[in-house]
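User: I've got a two-chain model open and I'd like to know how the labels on it were earned. Can you walk me through it?

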Amino acid sequence: MKVIIIDDEPLAREIVKEYLKTIPGAELITECQDGFEGIKAIQQYQPDLIFLDIQMPKINGFEMLELIEAPPAVIFTTAFDEFAIKAFESNAVDYLLKPFSKERFEKAIQKYLQHQNSQQTQQVIEAAAQTPSQQNRVVVKDGNKIKIIPVNKIDYLEASDDYVKIVTAEGTFLKKRTMNFFEQSLSPYHFVRVHRSYIVNTQLITRIDPYEKDGHLLLLNTGAKLPVSKAGYAKLKEVLGI
Amino acid sequence: MANSILSDKRLRYFFAAWWLVWMLLQYIMLRQLNIDELHSVSDSIISNVLLAICCFFISNNMKYYLPRAEKYWYILVVSLTASFLWMLALQAAMWMIFPETDHYVQVIRTSWGIRFGAGYLLISSISMFSLLWYSQQEQKEMDKRKTESEKLSKDAELFKLRQQLQPHFLFNSLNSISALTGSHPDKARHMIQQLSDFFRGTLRKDEHQWNSLEEELKYLELYLEIEKVRFGHRLQTEINYIDEILSMKVPALLLQPVVENAIKFGLYDTTGDILIKLDATTEENNLKIVVENPFDPETSQPLKGTGFGLSSIRRRLFLLFARNDLLTIKKDKEIFMTTILIPQIDAIKTERVFVESNGKLES
């Protein structure tokens, strides 16, 4: 059983390391002090299980998981985070509340050995993405780099097969999510789904022109032109108060 | 219970003088109507003493029942009734004392209208005066209560703001201690002590609402040491000050949350090692504290993300000094600066400044 510990506090890693020593068959491959190191290590070593802290520099534990293609089994460790705990509870994923006892730690390992599925991890990631701390930014991969995009820097979102294209002044990024997900998690006054395939940052709209039969065409101050559906136009009218 | 009118010494003299003048006037008037000395004197004394008794009852009554604006007619009715009773009592008294003085009886009979009018005037003015007096007393009492309750809620709010529980800090520190117990029991014990001192500090009571900068910096060191155990080499700190300003006054537990905010911000917004800097200087009559932390200008939204930490400090400064301009923030490339000005006025004065400005806010 290959294990990786990801936590920004050295002593917090220390205690997991100590407890892990007595678990037969557990092999600690490496420890990481933030999500970036974590992503690299996971890709490099393909661990079976990771111990993951939530609050970490730059990107939190959930955001780190989002960026991994097939995340391994996770035991979350956290001191205090109401929203994270809610996300865990609603998805029956095991988590350790710091400080935790050796018995509790062993129980978590037992649970992992019995279930070993990463299905739940995926659900937790989805649930966690709805928490307030994660709603004001989107974390994406840009080649080998990781980019954190504050939502107010998003121009618009465009559906693209299994992905969503995130268009910003700095370029276009892809994220494996659905349009519905973004429609629900972004602030409804700031972002409006004007079309089946488009969600727009309302603060950038400069003009709305009639277009073809029932449709409209939206002009952003970046020069981009987006189609507006009939339903989208109704929503837009409501949000902009026109 | 409100103070009665006669509890005021100056008012007692004033009423005594008033009644003497009134008696004198009545005596003069009766003499002018050719009433003899004895009758004039006894008439003016008896009628005015009876009148004073009436007024006393009416006024005292208002101590217990104060009519509201819609019941002011009550005053008129009571005054009229009292004047009528007074007339009856006076007539009866005079008739009993001097049953057979013709000229006097004559005068009394023809002057009842004027007497009644004068009595009514006096009684109703005393009623009105009492009404004003007791209303004012009631108002004063209400104001006092209001100020008191405001002070209470202000104290409670300040206490709460100071005592902001830091669960994240607490549990992570406990976790560090848990890790140390295995490998370094001595360090674990040391950290337990530091943590205890830190939390004892947050529980200090109101009498120490103002501390010297020196005490506050000591407390801050305690906090920083704990944080350094948690974050290891990543966290470095630098505190600059000159000895002369160590005696300046700082609201208790104000600096620690500012630094805590800077640490959180610095540690979670960057991945490398961070330096937290605190500079204490003076500017005019203020103590000026500047706290610096690194941040990433590209990704951070400091005003949103660190909202709570700084807004509660701003609120505390407002409650203490009634000013909103004491906390300012500045971003300079990759350094985030929080500047706090702490006016150096002595504690008593500060208290008054607060109460006054609070009054203004209410109006």
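User: To start, how many helices and strands does chain B have?

Analyst: Twelve helices and seven strands in chain B. Keep in mind that this is a predicted model. Chain A comes to nine helices and 15 strands.

User: What share of the residues in chain B is buried, and what share in chain A?

Analyst: In chain B, 26% of the 363 residues are buried. For chain A it's 36% of 242 residues. To be called buried, a residue needs 20 or more other C-beta atoms within 10 Å of its own.

User: Where do the two chains meet, and which helix of chain B gives the most?

Analyst: The contact takes in 22 residues of chain B and 19 residues of chain A. On the chain B side, α6, α8 (213-231) and α9 each supply at least two residues. The biggest giver is α6(B), with twelve residues. Sorted by class, that side of chain B has eight nonpolar, twelve polar and two charged residues.

User: Why are α1(A) and α6(B) called oblique to each other?

Analyst: Look at the angle. Helix α1 (residues 10-20) of chain A and helix α6 (residues 167-183) of chain B pack at about 55°, with axes 8 Å apart. Roughly parallel needs an angle under 35 degrees, and roughly perpendicular runs from 65 to 115. An angle of about 55° fits neither, so α1(A) and α6(B) are oblique. The crossing of α1(A) past α6(B) is left-handed.

User: Which residues make that contact between α1(A) and α6(B)?

Analyst: From α1(A) you get Leu11(A), Ala12(A), Glu14(A), Ile15(A) and Glu18(A). From α6(B) there are several, including Asn175(B), Ser176(B), Ala179(B), Leu180(B) and Gly182(B). The residues of this contact split into five nonpolar, five polar and two charged.

User: How do you know that the buried residues of α2(A) line one face of the helix?

Analyst: Start with which ones they are: in helix α2 (residues 35-45) of chain A, Gly35(A), Gly38(A), Ile39(A) and Ile42(A) are buried. Seen down the axis of α2(A), they fall within an arc of 100°, so they line one face. The general background is that an α-helix has 3.6 residues a turn, so residues three or four places apart point the same way. As for what the buried residues of α2(A) pack against, that's β1 (2-6), β2 (27-32), β3 (49-53) and α3 (61-66) of chain A. Right after α2(A) comes Gln46(A), with a positive phi near 45°.

User: What makes the peptide bond between Lys98(A) and Pro99(A) stand out?

Analyst: The bond joining Lys98(A) and Pro99(A) is cis, with omega about -10°. Most peptide bonds are trans. You'll find Pro99(A) in the loop between β5 (95-97) and α5 (102-115) of chain A.

User: Leu253(B) and Lys333(B) each have a positive phi; which of them is buried and which exposed?

Analyst: Leu253(B) has 22 C-beta neighbours inside 10 Å, and the cut-off for buried is 20 or more, so Leu253(B) is buried. Lys333(B) has 8 other C-beta atoms within 10 Å, and exposed means 12 or fewer, so Lys333(B) is exposed. The phi of Leu253(B) is about 60°, and that of Lys333(B) about 50°. Leu253(B) is in the loop between β3 (249-251) and α9 (255-269) of chain B, while Lys333(B) is in the loop between β6 (327-332) and β7 (335-343) of chain B.

User: Why is Leu24(B) called exposed?

Analyst: Leu24(B) has 12 other C-beta atoms within 10 Å, and the label covers 12 or fewer, so Leu24(B) counts as exposed. Leu24(B) sits in helix α1 (residues 9-32) of chain B.

User: And what makes Ala169(A) exposed, and which residues does it touch?

Analyst: With 9 C-beta neighbours inside 10 Å, Ala169(A) is under the limit of 12, so exposed is the label. Leaving out residues up to four places away in sequence, Ala169(A) touches Lys153(A), Asp155(A) and Thr222(A). Ala169(A) lies in the loop between β9 (163-168) and β10 (171-175) of chain A.

Technical notes: Residues numbered from 1 in each chain as written. Chains lettered and ligands numbered in written order. Predicted model: local features only at pLDDT ≥ 70, side-chain atom pairs only at ≥ 80, totals over all residues. Axes fitted to C-alpha atoms, helices over the stretch in contact; angles between N-to-C directions. Helix = DSSP H or I, 4+ residues; strand = E, 2+ residues; numbered from the N terminus. Parallel < 35°, antiparallel > 145°, perpendicular 65-115°, else oblique. Left-handed = near helix turned anticlockwise from the far one by under 90°. Contact = placed C-beta atoms within 7 Å. Nonpolar A, V, L, I, M, F, W, Y, C, P; charged D, E, K, R; others polar. Arc of directions from axis to C-beta.
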